[in-house]
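Biologist: Before we begin, please place the sequence and the structure in front of us. I should then like to ask what stands behind each word that you use.

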Amino acid sequence: NIVNTEANKTTGKIIRELRENSKITQSELARRLRKPQSYVSKIESGERSLRAYELIPFAQALGMPTHVIMEALERALTH
């Protein structure tokens, strides 16, 4: 579905930007999530969708409240 593909890409871009702003590598984020680095790569590239409940561990791993990610997603997906 093209809509989901675009939403996945947008979500991945936001996760990547938040990770980079936090000065964390993909490998470090993966370690904090207890996931392979390829998982983070697929999220950031939009190849894999990120479910709403998965935002919580991402936020924790990035050291920020979940609402920061949600607000960034809302801005990006509604404008």
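**Reasons behind the labels**

Modeller: Let us start with Lys-23, which sits in the loop that joins α1 to α2. Please bear in mind throughout that this is a predicted model.

Biologist: Why is Lys-23 called exposed?

Modeller: The relative accessibility of Lys-23 is 75%. The word "exposed" is used for values over 50%, so Lys-23, at 75%, receives that label.

Biologist: What makes the phi angle of Lys-23 worth a remark?

Modeller: Phi of Lys-23 is near 60 degrees, which is a positive value, and the residue is not a glycine. The remark is made because most residues other than glycine have a negative phi.

Biologist: Where is Arg-34 found, and what is its phi?

Modeller: Arg-34 belongs to the loop between α2 and α3. Its phi is positive, at about 60 degrees, although Arg-34 is not a glycine. Its relative accessible area is 76%; the limit for "exposed" is over 50%, so Arg-34 is exposed.

Biologist: You speak of helices by number. How many helices and strands does the chain have?

Modeller: The chain has five helices and zero strands. Read from the N terminus, the order of elements is α-α-α-α-α.

Biologist: How do you know whether the chain agrees with the rule for a compact globule?

Modeller: For 79 residues, a compact globule would have a radius of gyration near 12 Å. The chain has 12 Å, and therefore the value agrees with the rule. Along the principal axes, the C-alpha trace spans about 30 × 25 × 20 Å.

Biologist: What share of the residues counts as buried?

Modeller: Of the 79 residues, 35% count as buried. The surface that the chain exposes comes to about 5100 Å², and carbon and sulfur atoms supply 51% of it.

Biologist: Why is Leu-29 called buried?

Modeller: Leu-29, which is placed in helix α2, has a relative accessibility of 0%. "Buried" requires a value under 20%, so Leu-29 meets the condition.

Biologist: Which residues does Leu-29 contact, once its neighbours within four places in sequence are left aside?

Modeller: They are Arg-19, Ile-24, Val-40, Phe-58, Ala-61 and Leu-62. As for Arg-19, it is ten residues from Leu-29 in sequence, and the two C-alpha atoms are 7.7 Å apart.

Biologist: Gln-26 is also in helix α2. What decides whether Gln-26 counts as buried or exposed?

Modeller: The relative accessibility of Gln-26 is 19%. Since the limit for "buried" is under 20%, Gln-26 counts as buried.

Biologist: What makes the pairing of the Gln-26 and Gln-37 side chains a polar contact?

Modeller: The distance is 2.3 Å. A polar contact calls for a suitable pair of N or O atoms within 3.5 Å, and the side chains of Gln-26 and Gln-37 make such a contact. The side chain of Gln-26 also has a polar contact with the side chain of Glu-44, at 2.8 Å. Beyond four places in sequence, Gln-26 touches Arg-19, Gln-37, Val-40, Ser-41 and Glu-44.

Biologist: Why is Thr-11 called buried?

Modeller: Thr-11 is part of helix α1, residues 2–21, and its relative accessibility is 13%. That value is set against the limit of under 20%, and therefore Thr-11 is buried. Apart from neighbours within four places in sequence, Thr-11 contacts Leu-50 and Leu-73.

Biologist: Asn-4 lies in helix α1 as well. Why is Asn-4 called partly exposed?

Modeller: Its relative accessible area is 47%. "Buried" means under 20% and "exposed" means over 50%; Asn-4 falls in between, and so it is partly exposed.

Biologist: How far is Asn-4 from Gly-63, C-alpha to C-alpha?

Modeller: Asn-4 and Gly-63 are 27 Å apart in space and 59 residues apart in sequence.

Biologist: Finally, where is Ala-52, and what makes it exposed?

Modeller: Ala-52 occupies the loop between α3 (37–45) and α4 (55–62). Its relative accessibility is 61%, and the label requires over 50%, so Ala-52 counts as exposed. Met-70 is 18 residues from Ala-52 along the chain, with 8.9 Å between their C-alpha atoms.

Definitions and conventions: Residues numbered from 1 in each chain as written. Predicted model: local features only at pLDDT ≥ 70, side-chain atom pairs only at ≥ 80, totals over all residues. Heavy atoms only, no water. Helix = DSSP H or I, 4+ residues; strand = E, 2+ residues; numbered from the N terminus. Rg over C-alpha atoms; globule rule 2.2 N^0.38 Å. Buried < 20%, exposed > 50% of the residue type's maximum accessible area, 1.4 Å probe, protein only. Areas by Shrake-Rupley, 256 points an atom, 1.4 Å probe, with all protein chains shown as cover. Polar contact = N/O pair within 3.5 Å; in protein donor to acceptor, adjacent residues only side chain to side chain. Contact = heavy atoms within 4.5 Å.
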